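Q: Please take a close look at the aromatic rings in this model. How are they paired, and what lies around them?

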Amino acid sequence: MSLAETTRVYRGCVIPLDLLYDVEHDVWVRWEGELATLGMTDPAQTRAGKLVAIRFRRPGTIVERGRALATIESGKWVGPFPAPFRCELLETNQAAFERDILIANRDPYGEGWLVRVRPLAPEELARLITGEEAFTRYRARIDELDLNCFRCAE
């Protein structure tokens, strides 16, 4: 499969089609069996700018939908990385961020993942949308924000 078949790009913003999304919270979800890996979307990392710090909640913590799994600080923003559904926090990617704080700016859908979780509210999973639907919603949002995505090079 080619990159064009697995992703959509608009104004430099990449949206992989094989993920699920909570567009409202700018979170992507990758299923790995019964568990999920979560990260911030390309439009989210662009809007935040270069990350300067991230504070994760402790593994084992139960987090309600919309509550913070981590707090992200950039040069122009401090805010939560919210849970897209009620979950138990199993693992953080803290070691990668300690090695390279810009990892989510460089590779938001790969090495820049933030947390791994176990979903605890199956009914909330229906709120997630497909990559194609997310791309449609992000196009409108990107235009509204006059956003052009970029990746940090340093």
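## Aromatic rings and their surroundings

A: Phe85 has a relative accessible area of 0%, which is under the 20% limit, so Phe85 counts as buried. Keep in mind that the model is predicted. Phe85 belongs to one of the ring pairs described below.

Start with the count. With ring centres required to lie within 6.5 Å, the model has three aromatic pairs. Among them is the pair of Trp28 and Tyr109. Their centres are 6.1 Å apart, and the angle between the planes is 50°. An angle under 30 degrees would be stacked and one over 60 edge-to-face, so 50° makes this pair tilted.

Now place the two rings. Trp28 sits in strand E4, residues 27–32. Tyr109 sits in the loop between helix H4 (103–106) and strand E11 (115–119). These positions are 81 residues apart in sequence, so the pair ties together distant parts of the chain. Trp28 has a relative accessible area of 0%, so it is buried. Tyr109 is buried as well, at 9%.

Another of the pairs is Trp31 with Phe85. The centre-to-centre distance is 6.1 Å, and the planes are 15° apart. That angle is under 30 degrees, so the pair is stacked. Here too, distant parts of the chain are linked. Trp31 lies in strand E4. Phe85 lies in the loop between strand E9 (78–82) and strand E10 (87–92). The separation in sequence is 54 residues. What is the exposure of the two partners? Trp31 is partly exposed, with a relative accessible area of 32%. Phe85, in contrast, is buried at 0%.

Strand E4 thus supplies Trp28 to the tilted pair and Trp31 to the stacked pair.

Next, the surroundings of the tilted pair. Which residue touches Trp28 and Tyr109? Leu19 does. Leu19 lies in the loop between E2 and E3. It is buried, with a relative accessible area of 1%. Leaving aside residues up to four places away in sequence, Leu19 touches Trp28, Val29, Arg30, Tyr109, Ile129, Thr130 and Gly131. The contacts of Leu19 therefore include each ring of the tilted pair. Leu19 can also be placed relative to Trp31. Their C-alpha atoms are 8.0 Å apart, with these positions 12 residues apart along the chain.

Now the loop that holds Phe85. Arg86 is found in the loop between E9 and E10. Buried or partly exposed? Arg86 counts as partly exposed, at 29% relative accessibility. Again setting aside residues up to four places away, Arg86 touches Ile62, Val63, Glu64, Arg65, Arg118, Pro119, Leu120, Ala121 and Glu124. Leu120 is 34 residues from Arg86 in sequence, yet the two C-alpha atoms are 5.5 Å apart.

Some rings have a charge over the face. Arg116 lies over the face of Trp113, at 4.0 Å from the ring centre. Arg139 lies over the face of Tyr10, at 4.6 Å from the ring centre.

Arg139 falls within helix H5, residues 131–145. Gly131, a contact of Leu19, is one of the buried residues of H5. The others are Ala134, Phe135, Tyr138 and Ile142. These buried residues pack against strands E1 (7–10), E2 (13–16), E3 (20–22) and E12 (129–130), and against helix H2 (42–48). H5 has 15 residues, so at 1.5 Å a residue it should span 21 Å. Its end C-alpha atoms are 20 Å apart, which agrees. After H5 comes Asp146, with a positive phi near 50°.

Strand E1, one of the packing partners of H5, also contains Thr7. Thr7 is buried, with a relative accessible area of 13%. Beyond four places in sequence, it touches Val14, Ile15, Pro16 and Leu17.

Finally, the whole chain. It has five helices and 12 strands. Of its 154 residues, 47% count as buried. Among contacts between residues at least 6 apart in sequence, 65% join residues at least 24 apart. A compact globule of 154 residues would have a radius of gyration near 15 Å, and the chain has 15 Å, which agrees. The C-alpha atoms fill a box of roughly 40 × 35 × 30 Å along the principal axes. The accessible surface is about 7,700 Å², with 49% belonging to carbon and sulfur atoms.

Notes: Residues numbered from 1 in each chain as written. Predicted model: local features only at pLDDT ≥ 70, side-chain atom pairs only at ≥ 80, totals over all residues. Heavy atoms only, no water. Helix = DSSP H or I, 4+ residues; strand = E, 2+ residues; numbered from the N terminus. Expected span 1.5 Å × (residues − 1). Buried < 20%, exposed > 50% of the residue type's maximum accessible area, 1.4 Å probe, protein only. Contact = heavy atoms within 4.5 Å. Phe/Tyr/Trp six-rings, centres within 6.5 Å; stacked < 30°, edge-to-face > 60°. Lys NZ or Arg CZ within 6 Å of the ring centre and 35° of its normal. Rg over C-alpha atoms; globule rule 2.2 N^0.38 Å. Areas by Shrake-Rupley, 256 points an atom, 1.4 Å probe, with all protein chains shown as cover.
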